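Take a first walk through this structure. We will look at the ligand, then at a pair of helices, then at a single residue.

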Amino acid sequence: MIITTSNPDCILRPWREGDQAAIVCHANNRKIWRNLTHTFPFPYTIPEANSWVAIANADPRSIHMAIELRGEVCGGVGSVAGRGISQATTDFGYWLGESFWGRGVMTAAAGALKDHLVRSGQFARLQATVFAWNPASMRVLEKIGFVREGVLCKSVTKDGELIDSVMYACIP
Ligand SMILES: CC(C)(COP(=O)(O)OP(=O)(O)OC[C@H]1O[C@@H](n2cnc3c(N)ncnc32)[C@H](O)[C@@H]1OP(=O)(O)O)[C@@H](O)C(=O)NCCC(=O)NCCS
């Protein structure tokens, strides 16, 4: 499945065998790792990329897509479906290679995945947790229609610091 975006040069498509080198090239970056959960590795090397490609399409209720810009993989966007009492919630996440930052790529990519999830009717709540030191990601979420719900004080331990996170949500 391919998801088109508002940027004609940018599409979302499933992760696949052969993406490992591009993942390592763009994801092996402390500035990216610093803003993601503990499941995102650093250093990000070929074995970690192999593991990612092997599991990316395993859960049928979750979705993980590679972001392709003019045919080149430059990042990823996805959403992990909740379970049990959280089954109507899906958790949004994304990252982009640093050389592509500041050009509206993630706004196009995350906006397209959000629209896809809303259209699917599968979830009552799309949510995203952003670390307090990440205003660029908050801006992306605001631009694609997520609403800032509140601050989760001292909810995250990352890079040796105990920090606040900010909860954003989209209720279709
Ligand atoms: C956050 C990230 C996805 C943004 O991707 P991007 O393609 O550069 O984002 P866009 O260009 O679409 O939009 C960024 C917006 O943030 C704004 N921005 C950037 N730095 C900012 C800052 N320090 N303070 C406030 N706003 C900022 C930009 O001006 C832009 O808003 P605008 O269009 O209104 O001018 C990218 O930097 C990234 O991958 N970071 C590391 C991983 C990460 O943070 N993932 C998200 C975890 S919640």
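What follows describes a predicted model, step by step.

Begin with the ligand. It is surrounded by 21 residues. The closest of them are Asn35, Met106, Thr107, Pro135 and Arg139. Which elements build this shell? Four of them each supply at least two residues: strand E5 (89–96), helix H4 (105–120), strand E6 (125–131) and helix H5 (135–143). Helix H5 gives the most, with five residues. By type, the shell holds 13 nonpolar residues, six polar ones and two charged ones.

Now turn to two helices. Two packed helices are described by the angle between their axes and the distance between the axes. Here the pair is helix H1 (residues 20–27) and H3, which pack at an angle of about 120°. Their axes lie 9 Å apart. That angle makes H1 oblique to H3. The crossing of the two, H1 and H3, is right-handed. On the H1 side, the contact is made by Gln20, Ile23 and Val24. On the H3 side, Ile46, Ala49, Asn50, Trp52 and Val53 take part. Six residues of this contact between H1 and H3 are nonpolar and two are polar, with no charged residue.

Stay with helix H3, which spans residues 46–55 and includes Ala54. Is Ala54 buried or exposed? Ala54 has 11 C-beta neighbours inside 10 Å. A residue with 12 or fewer counts as exposed, so Ala54 is exposed. Finally, look from Ala54 to Trp15. The two are 39 residues apart along the chain, and their C-alpha atoms are separated by 9.0 Å.

Key: Residues are numbered from 1 along each chain as its sequence is written. This is a predicted model: local features need pLDDT of at least 70, side-chain atom pairs count only at pLDDT 80 or more; totals for chains, interfaces and linings use all residues. A residue is near a molecule or strand if its C-beta atom, placed from the backbone, lies within 6 Å of it. Helices (H or I, at least four residues) and strands (E, at least two) are DSSP runs, numbered from the N terminus. Ala, Val, Leu, Ile, Met, Phe, Trp, Tyr, Cys and Pro count as nonpolar, Asp, Glu, Lys and Arg as charged, and the others, Gly among them, as polar. A residue is buried if 20 or more other C-beta atoms lie within 10 Å of its own, exposed if 12 or fewer, and partly exposed in between; C-beta atoms are placed from the backbone. Axes are lines fitted to C-alpha atoms, for helices over the stretch in contact, and angles run from 0 to 180 degrees between N-to-C directions. Angles under 35 degrees count as roughly parallel, over 145 as roughly antiparallel, 65 to 115 as roughly perpendicular and the rest as oblique. A crossing is left-handed if the near helix is turned anticlockwise from the far one by less than a right angle, and right-handed if clockwise. Two residues are in contact if their C-beta atoms, placed from the backbone, lie within 7 Å.
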